[in-house]
Amino acid sequence: MGDPPPLPPPPDPRMLPVFATVTYAASVIALWGFLSLGLDADAIAQRDAGPLLGPAMVLGACLVTLVALLRVRGRSAPTRAGLAAAASVYIVMLGIGAVGYSLIRADVSWLVLFVGAYGPSPFVLGAALLSGIAVVAVWAGTRRV
């Protein structure tokens, strides 16, 4: 019997955060779809917000998640990184939404009103929770035993 064929080279570990961010984006889109169907509500209830405010919020959340995923490798525990990612996504999504909607309405008061209306929203909270889960999952997949 001959020698077994050589194993392929290991994948580039720098690509894992990118793939995890793409998976995070797909998960947020799926979560928002299921929540929208289950709750019979839109992610952005204001009709005058236009079609780009929600995707802009998700794009901001994806960028925050990517940065958190790039920083989590090599840490001894993911707790702080996961909580920081979830909190950052929550703040960034509300910030992008508030600034975007106040620009659409040309009214500064919507900076506060948007945050008050969407702060307890399951759409924003769910996206933040998924970001924390993604950070912990990537840490678990890349830690050295």
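This is a short dialogue about reading a predicted model of a protein chain.

Biologist: Hello! What is the mean pLDDT of the protein chain?

Modeller: Welcome! The model is predicted, and its protein chain has a mean pLDDT of 91, with 96% of the residues at 70 or more. Among the helices, α3 (residues 79–105) has a mean of 96 and α5 (residues 122–142) a mean of 94.

Biologist: Thanks. How is a pair of aromatic rings described?

Modeller: Two things are given: how far apart the ring centres are, and the angle between the ring planes. In this structure, a search of the whole model finds four aromatic pairs. One of them joins Tyr-101 and Trp-110, with 4.8 Å centre to centre and 90° between the planes. That pair counts as edge-to-face, because an angle over 60 degrees puts it in that class.

Biologist: Which residues do ring pairs link into a cluster?

Modeller: The cluster contains Tyr-101, Trp-110, Phe-114 and Tyr-118.

Biologist: Are Tyr-101 and Trp-110 buried or exposed?

Modeller: Buried means under 20% relative accessible area. Tyr-101 is at 1%, so Tyr-101 counts as buried. Trp-110 has 15%, so Trp-110 is buried as well.

Biologist: And on the surface, which residues make the nonpolar patch?

Modeller: Val-99, Leu-103, Val-108, Leu-111 and Val-112 make a patch of about 500 Å². Helices α3 and α4 (110–118) each supply at least two of the patch residues.

Biologist: Let me pick one of those. Where does Val-112 lie, and is Val-112 buried or exposed?

Modeller: Val-112 lies in helix α4. Its relative accessible area is 64%, so Val-112 is exposed, the cut-off for that word being over 50%.

Note on methods. Residues are numbered from 1 along each chain as its sequence is written. This is a predicted model: local features need pLDDT of at least 70, side-chain atom pairs count only at pLDDT 80 or more; totals for chains, interfaces and linings use all residues. Side-chain values use heavy atoms; hydrogens and water are left out. pLDDT is the predictor's confidence in each residue, from 0 to 100. Helices (H or I, at least four residues) and strands (E, at least two) are DSSP runs, numbered from the N terminus. Patches are made of residues with over 30% relative accessible area and no salt bridge: like charges are joined within 9 Å, nonpolar side chains (Val, Leu, Ile, Met, Phe, Trp, Tyr) within 5 Å. Accessible areas come from the Shrake-Rupley method with a 1.4 Å probe; for residues, only the protein chains shown count as cover. A salt bridge is a side-chain nitrogen of Lys or Arg within 4 Å of a carboxyl oxygen of Asp or Glu. Buried means under 20% relative accessible area, exposed over 50%, partly exposed in between (1.4 Å probe, protein chains only). Rings of Phe, Tyr and Trp (its six-membered ring) pair if their centres lie within 6.5 Å; planes under 30 degrees apart count as stacked, over 60 as edge-to-face and the rest as tilted.
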